[in-house]
Amino acid sequence: MLGEPSTKHHILISLGSNVDREQYTQAGISALAKYLTDIRLSSTYESEAVGFAGAPFYNLVMSAYTDLSIAEVGRLFKDIEQQNGRLKSDKKFAPRTLDIDLLTYDDVICVEPVVLPRPEIEFHAFVLQPLAELVPTHIHPSTRQNYAQLWAQFEHPEQKLWIVDLTWRVK
């Protein structure tokens with residue numbers, strides 16, 4: 001209805017880069033800030049590449065709000081990745097200028113247009129630790145445990161992370 005306020009959806013986003021990491025991480029944050037509101041960022045974590053031999057990644061998690069649908073958010077993320085040099089043909093385990101993934105959208109559980117909540121939340125330290133830091137009491141839609149609990153139970157000691165002292169411009 002005209003004049004009615006739009007519904008804001010809480011989203012959690014994973015953002016990573018292992019090619020010109022500072023440049024592309026900042027570019028991704030700046031681009032997302034044009035479309036999202038109430039943005040909060042976790043610390044930036046450096047981690048080894050997972051699944052391939054490559055340069056270390058910078059990873060962080062972003063909490064934000066949007067009035068876009070899940071499908072629109074997915075298209076936005078792909079557009080921002082491509083505008084920052086990511087090729088459509090990039091393999092899953094390969095160097096990345098920018099990798100932006102929707103982790104959660106409110107408490108939605110779905111498989112289309114994307115799988116939510118994103119499965120790697122439970123399996124990758126570079127996603128779960130920043131979530132536990134940024135939104136420790138938020139409940140994972142599928143497990144019904146909060147992110148601090150999931151991180152405390154995480155059993156992949158081979159996945160090493162280091163906090164990197166960086167400050168990003170959100171606007």
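**Exercise 1. Classify R96 and follow its salt bridge.**

R96 counts as buried, at 6% relative accessibility (buried: under 20% relative accessible area; exposed: over 50%; partly exposed: in between; 1.4 Å probe, protein chains only). Next, find its partner. The side chains of R96 and D99 meet in a salt bridge, 3.7 Å from N to O (a side-chain nitrogen of Lys or Arg within 4 Å of a carboxyl oxygen of Asp or Glu). Now classify D99. D99 has 17% relative accessibility and counts as buried. Elsewhere, D101, R118 and E120 are joined into one network by salt bridges that share partners.

The model is predicted: local features need pLDDT of at least 70, side-chain atom pairs count only at pLDDT 80 or more, and totals for chains, interfaces and linings use all residues. Residues are numbered from 1 along each chain as its sequence is written, and side-chain values use heavy atoms, with hydrogens and water left out.

**Exercise 2. Count the salt bridges, then place two of them on the fold.**

Start with the count. The rule gives 5 salt bridges. Take E46 and R21. Their side chains meet in a salt bridge at 2.6 Å, N to O. E46 lies in strand β3 and R21 in helix α1 (residues 21-33), so the pair ties together parts that are 25 residues apart in sequence. Helices here are DSSP runs of H or I with at least four residues, strands are runs of E with at least two, and both are numbered from the N terminus.

Then take E81 and K78. The closest N and O atoms of this salt bridge are 3.3 Å apart. Both residues lie in helix α2 (residues 70-83), 3 residues apart, about one turn of the helix. Finish with exposure. E81 is buried at 2% relative accessibility, whereas K78 is partly exposed at 40%.

**Exercise 3. Describe the surroundings of S42.**

Locate S42. S42 sits in the loop between β2 (37-41) and β3 (44-47). Check its cover. The relative accessible area of S42 is 6%, so S42 is buried. List its contacts, leaving aside neighbours within four places in sequence. These are L60, V61, P130, E133 and L134 (contact: heavy atoms within 4.5 Å).

Now turn to helix α3, residues 125-134. Helix α3 is mostly covered, with 8 of its 10 residues buried. Those buried are A125, F126, V127, L128, P130, L131, A132 and L134.

**Exercise 4. Which order do the elements of the protein chain follow from the N terminus on?**

Count first. The protein chain has 4 helices and 6 strands. Then read along the chain. The order is β-α-β-β-β-α-β-α-α-β.

**Exercise 5. Test the protein chain against the globule rule.**

Apply the rule: 2.2 Å times the number of residues to the power 0.38, with the radius of gyration taken over C-alpha atoms. For 171 residues, a compact globule would have a radius of gyration near 16 Å; the protein chain has 16 Å, which agrees. Add the box. Along the principal axes, the C-alpha atoms fill roughly 50 × 35 × 30 Å.

Check burial and contacts. Of the 171 residues, 46% count as buried. Of the contacts with a separation of 6 or more, 68% are between residues 24 or more positions apart.

Last, the surface. The accessible surface comes to about 9,100 Å², and 53% of it belongs to carbon and sulfur atoms (Shrake-Rupley method, 1.4 Å probe; for residues, only the protein chains shown count as cover).
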